[in-house]
Structures are given as C-alpha cells and as structure tokens.
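I sat down with this one to see how it is put together, and kept notes as I went. Here they are, in the order I looked things up.

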Amino acid sequence: MQEQFKFTTGVLGYPIAFVLVLWIVFWFEIRFHVNLNSHGIYPKKVSGLQGVLFSPFIHSGIKHLYSNTIPLFVLSTALFYFYRPIAWKVLFYGILLSGFLTWSIGRPSYHIGASGLIYVLVSFTFFKGILAKHYRLIALSLLIIFLYGSMVWYTMPIEKGISWEGHLSGLITGLLFAFIFRKEIAKPKKYVWEHKDFNEDDDPFLKHFDADGNFVALEEPVSEPENEVETNMNNTSEKEGSPTFRYVFKENKD
C-alpha cells in the first residue's frame with residue numbers, strides 16, 4: 001500500500017519504449033519498402049490470428065501512427081503510475097483478448113493499429129476508478145472521460161475505414177478487466193488528515209491557523225524558572241576580578 005502512487009523511472013520509461021517500438025516498426029516499413037498490413041488481424045481465418053500479437057505495432061500511415069501515439073503514451077503512463085502492480089497484465093492480456101474479440105466479430109478485412117489497446121486502457125482506467133470508490137482514482141476516471149470520452153462514438157460503424165470492431169473489443173476488454181482486477185489493488189495510502197480519528201487540534205501545523213483560515217502567531221511557552229547559585233572559588237564575597245562559577249540546576253519534581 002505504501003508503494004502505491006510512487007513515481008519510478010518505469011512510469012515514463014516503459015510507455016516511451018513501447019511508443020518507440022511502434023515508430024521503429026513504421027520506420028522499418030518506410031526504409032525497406034515493406035508492407036506489414038497482411039500481418040494484421042484477419043477475422044475468422046486461422047492465418048489471421050497472427051494479427052492478435054502483431055496488429056498493435058502496425059499502422060497504415062504517419063497520420064494513423066501519430067493519432068495513436070499521444071493517447072497511448074498518456075494512458076500507459078497513467079496505468080504504470082496508478083496501477084503499477086497489474087500494469088503489464090492489463091497491457092499483455094489486453095492485447096490478446098481485444099485482438100481475439102476483433103478476430104471473432106470483425107469484418108473480412110485486415111485490422112491494424114494500437115487503437116484497440118487504447119480503448120482497453122480508456123475503458124479500464126475509467127471503470128476501475130469508479131469501482132475503486134476512492135476520490136483520487138475517480139478524479140482520474142473523470143479526467144480520462146474529459147480527454148477521450150468522445151472516442152465512444154467510434155465503437156460504432158459511423159466512419160468507413162475505421163475498425164469499430166477493434167474499438168468495441170477494446171472497450172469490452174477494459175470493462176472486463178476492471179471487474180477482474182477489482183480487489184487486486186489496494187486503495188492509495190491516506191495522509192494523516194484523511195483518517196477519521198485525526199484531530200486538527202493535535203496537528204502542530206494547523207495550530208497556526210484560526211477557524212477562518214487566518215495565520216496566527218502562537219505564543220512561546222513559558223519555561224519554568226531555573227534556580228541559580230553563584231559562588232566564588234574561595235567562598236568569599238564576590239570581588240571585582242575574582243573568578244566566579246555559575247551553577248544551574250533544575251528542581252526534580254519526580
């Protein structure tokens with residue numbers, strides 16, 4: 001629980017590496033004049049099952065790749081930050097399950113691109129935050145809907161040339177994962193002031209503010225007077241220039 005929401009290099013490193021692989025594959029196609037579209041998902045054909053693994057890394061053009069790059073990076077970063085213990089499971093099994101569903105329900109055409117995985121991440125992040133019933137994760141869910149909520153329309157056949165079957169498969173897969181991993185992630189560690197038994201009067205920082213939120217300078221506590229005894233070396237009356245020793249002691253009240 002204490003490791004939840006802890007930033008590590010993998011939070012940015014893994015998403016960057018994943019996105020970089022997509023661009024390297026696209027560069028390979030351009031550099032060597034290779035068309036990898038035939039390695040995408042082709043529904044209801046055994047040979048088309050290879051696309052379950054390969055299709056997320058294949059794109060039809062620079063516009064297609066660019067439109068998937070930013071949301072994939074943002075969503076995978078959020079996944080590794082907020083749900084790090086299950087991040088790899090969501091990614092790997094999300095690719096497999098959404099790809100297989102696309103193979104099962106898709107039209108007889110090659111389905112390529114990482115958009116199916118993007119829909120997995122959008123769906124999982126949204127529904128997982130709602131099911132967690134924790135305000136920070138709910139806030140993340142609302143942010144995801146604000147940024148990518150309009151994507152839901154592309155789970156229907158409203159535009160020619162777009163694999164709405166892949167989008168719908170990703171949406172279903174993310175929802176399913178939100179239920180499967182519902183209890184696998186502990187809620188974020190609460191701060192001191194979030195606990196029910198927290199008393200503001202006991203907090204040294206909050207004591208500096210009144211009920212209206214104004215800063216108040218606290219009076220320094222008055223220390224108990226110390227008893228002092230002075231004596232000179234010869235136990236005689238103090239004279240100018242004679243050495244003087246000062247002893248300080250506190251009364252033992254135990």
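**Entry 1, a histidine.** I started with His111, which sits in the loop between helix 4 and helix 5; helices (H or I, at least four residues) and strands (E, at least two) are DSSP runs, numbered from the N terminus. A note to self: this is a predicted model, where local features need pLDDT of at least 70, side-chain atom pairs count only at pLDDT 80 or more, and totals for chains, interfaces and linings use all residues. Residues are numbered from 1 along each chain as its sequence is written, and side-chain values use heavy atoms, with hydrogens and water left out.

Is His111 buried or exposed? I found it buried, because its relative accessibility is 6% (buried is under 20% relative accessible area, exposed over 50%, partly exposed in between, with a 1.4 Å probe and protein chains only). Its side chain reaches the backbone oxygen of Arg107 at 3.2 Å, a polar contact (a pair of N or O atoms within 3.5 Å; within protein, one must be able to donate a hydrogen and the other to accept it, and residues adjacent in sequence count only if both atoms are side-chain atoms). Leaving out residues up to four places away in sequence, I listed what His111 touches (heavy atoms within 4.5 Å): Gly40, Ile41, Pro43, Ser55, Thr102, Gly106, Ser163 and Glu165.

**Entry 2, helix 4.** Thr102, one of the residues that His111 touches, is also among the buried residues of helix 4, which include Val90, Gly94 and Trp103. I saw that the buried residues of this helix pack against helix 2 (51-54), helix 3, helix 5 and helix 7. I also noted a kink of about 30° in helix 4, centred on Gly94 (the bend at a residue is the angle between axes fitted to the seven residues ending there and the seven starting there).

**Entry 3, the core.** Next I looked up the largest nonpolar core, which has 34 residues (a set of buried Ala, Val, Leu, Ile, Met, Phe, Trp, Tyr and Cys residues joined through side-chain atoms within 4.5 Å). Leu72, Leu79, Tyr83, Val90 and Phe124 have the most contacts inside it. Helix 5 gives the most to this core, with nine residues. Leu72 touches Phe18, Val19, Leu22, Ala114, Leu117, Ile118 and Leu121, not counting residues up to four places away in sequence.

**Entry 4, the whole chain.** I finished with the overview: seven helices and two strands, in the order α-α-α-α-α-α-α-β-β along the sequence. Of the 254 residues, 35% count as buried.
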